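This report describes the architecture of one chain and the surfaces through which its parts meet. The sequence and the structure are shown first.

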Amino acid sequence: MKNFSSLNQVNDKILKIKQLLVELETEAEQFPALSRNSKRALASVKMLELNISDIVAFDLNDS
Amino acid sequence: MSGQEYWNPVLETMPLEKLKVLQFKKFKRILNWAYTRSKFHKALYESAGLTPDDIRTFDDIKKIPKVEKSMMRGIQNKDPFPYGDALCVPLEEVSAFRQTSGTTGQPVYQPDTWQDWEWWSECWSFVLWAQGYRPKDRVFIPFGYNIFVAFWAGHYAAEKLGCEVVPGGVLDTQSRILKIKELNATAMMATPTYVLRMADVAKNKMGIDPGELSINKITCAGEPGAGIPSTKKRMEDAWGAKVYDHSGATEIGAWSYECNKQPCGMHVNEAMFLVEIEDLDTGEIIEEPGRKGKMIITALDRTAQPCIRFDSKDVIEWDSQACSCGRSFRLIKGGVIGRADDITKVKGVLLSPGAIEEVVRSIAGLGDEFEVIVDKQGDIDRIKLKVELMPEVTKLSIENILKDQLRLKTNLGYKIEYYDYGSLPRYEVKAKRFKDLRKKNIEKECRL
């Protein structure tokens, strides 16, 4: 794939996004617009994990 | 590796040995999840003397007890209401309710979280991308959105791909056809029964040739028709469009799909699901192609109400051929062949209703609709087939070929009744064309 970083690099980015969203969700309990949208975004980030992070975590990565 | 060909070019071309490692690790993960969060799953595994730690190899998976739909019916309507002890998340995390259609009995409730709905549409994204859906498509969904899961996830997946989605919910059939025409919709999702019904209404009630409309691809689900060659051909001829098969279920997810190479079968999404095929008589797991059995399936990432070794009753077989599309996800030959519930013995012969459909729809002089009724006179099984003759077609011109083909494909003789075109019942979603009246006068209606 043209211009595609290695799966490890992509996974690093996914984990960073996840970490930030978890922080936003937990820090903003009194701010529903922030906490609920962060939680919802985490559901989408989980799909990135299923598509990419599992491959890295389970050591199935060739790239 | 082309990023345009596959939704996930890494997973869809991963060698089978690696896919099996992925499946095993994901299986262990979902097993642990269910064991530690659901009283139902914990009790089920402990009754077999197992904990997740006992599953050490891929072969150990078959030690895990299967889940039958009847077991799910048994635990529901209890706390946490209405899902009962299979629920693995706090009730306040459930964001969507759906239920099974009840075709085979009392409906089963299905709770899902936001993450589960993202997962549903992710699985459908594999389906639609493989069938050529792209952001330029305008997708019309002629389906009454409701408590059934059908096409909801297809809708969300099409949005995720970047398509423009037109929900054809409460419109009637003629209004839907007019909307497709008005908007130049390019793709559609529906049951095979309804795809044929729409074509019939367009042509015979509205004077519109559906082949002249702008639809260029149709995704079918809910019934096996798009995997039955003669039914697929009728749909493709009527609409001038490619028709693709897909199979999913409320309790399972969107687990298989036909790709744009139309390989006479469907790919199992082996990154998201573990499919095992069990011999109908011995219960042995079938590894090799060419032997039919029923599907035992695990959704590897579904969390609120996990689907682990679910006895789906779908009858399938592995294909020995790889697909020219390059996906390593294995093919099931001819899609879902039928349901173990539907495959019944008549006069001592195993009968699959799909075989009758294949014959009827391969004969041009017959209409799309038909009915099969099995009953008993004394100790003798009888099987009646009702068919419709197309206008200006005579019974004499059809009878011999129909009887010969039925005998050839099903090894059975039929009492055939001929009806005028348009006189048998029409269905809007799933059809009920097979009636087995032999059991205690209770009519058992099975989907074809």
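In this predicted model, chain B contains an open sheet of 5 strands, ordered 11-10-12-13-15, with antiparallel pairing. Strand 11 (285-286) and strand 15 (338-339) of chain B form the edges; each has a single partner strand, so one side of each is left without a neighbour in the sheet. Within this sheet, strand 10 (residues 273-278) of chain B runs antiparallel to strand 12 (residues 293-299) of chain B, and 6 bridges join the two. One bridge pairs B:Glu276 with B:Ile296 in strand 12 of chain B.

The division into domains comes next. Chain B is split into domain 1 (1-337) and domain 2 (344-446). The C-alpha centres of domain 1 and domain 2 of chain B are 28 Å apart. Contact between them involves 15 residues of domain 1 of chain B and 13 residues of domain 2 of chain B. On the side of domain 1 of chain B that touches domain 2 of chain B, helix 7 (192-204) and helix 8 (229-239) of chain B are the elements that give two or more residues. Helix 7 of chain B provides the largest share of that side, 5 residues.

A helix pair of chain B is also described. Helix 9 (residues 353-360) of chain B packs against helix 10 (residues 395-410) of chain B at an angle of about 150°, and their axes are 10 Å apart. Because angles over 145 degrees count as roughly antiparallel, helix 9 of chain B is roughly antiparallel to helix 10 of chain B. The crossing of these two helices of chain B is right-handed. From helix 9 of chain B, the residues B:Ala355, B:Ile356, B:Glu358 and B:Val359 meet B:Gln405, B:Leu406, B:Lys409 and B:Thr410 of helix 10 of chain B.

Chain B also touches chain A: 17 residues of chain B are in contact with 13 residues of chain A. Helix 1 (16-37) and helix 4 (114-130) of chain B each supply at least two residues of the side of chain B that touches chain A. The largest share of this side, 5 residues, belongs to helix 4 of chain B.

The residue classes of the contacts are tabulated below.

| Contact | Nonpolar | Polar | Charged |
|---|---|---|---|
| Helix 9 of chain B with helix 10 of chain B | 4 residues | 2 residues | 2 residues |
| Side of domain 1 of chain B that touches domain 2 of chain B | 6 residues | 5 residues | 4 residues |
| Side of chain B that touches chain A | 9 residues | 3 residues | 5 residues |

Key
Residues are numbered from 1 along each chain as its sequence is written. Chains are lettered from A and ligands numbered from 1 in the order in which they are written. This is a predicted model: local features need pLDDT of at least 70, side-chain atom pairs count only at pLDDT 80 or more; totals for chains, interfaces and linings use all residues. Axes are lines fitted to C-alpha atoms, for helices over the stretch in contact, and angles run from 0 to 180 degrees between N-to-C directions. Helices (H or I, at least four residues) and strands (E, at least two) are DSSP runs, numbered from the N terminus. Angles under 35 degrees count as roughly parallel, over 145 as roughly antiparallel, 65 to 115 as roughly perpendicular and the rest as oblique. A crossing is left-handed if the near helix is turned anticlockwise from the far one by less than a right angle, and right-handed if clockwise. Two residues are in contact if their C-beta atoms, placed from the backbone, lie within 7 Å. Ala, Val, Leu, Ile, Met, Phe, Trp, Tyr, Cys and Pro count as nonpolar, Asp, Glu, Lys and Arg as charged, and the others, Gly among them, as polar. Two strands pair if DSSP finds at least two bridges between them. Domain bounds come from an automatic or database domain assignment.
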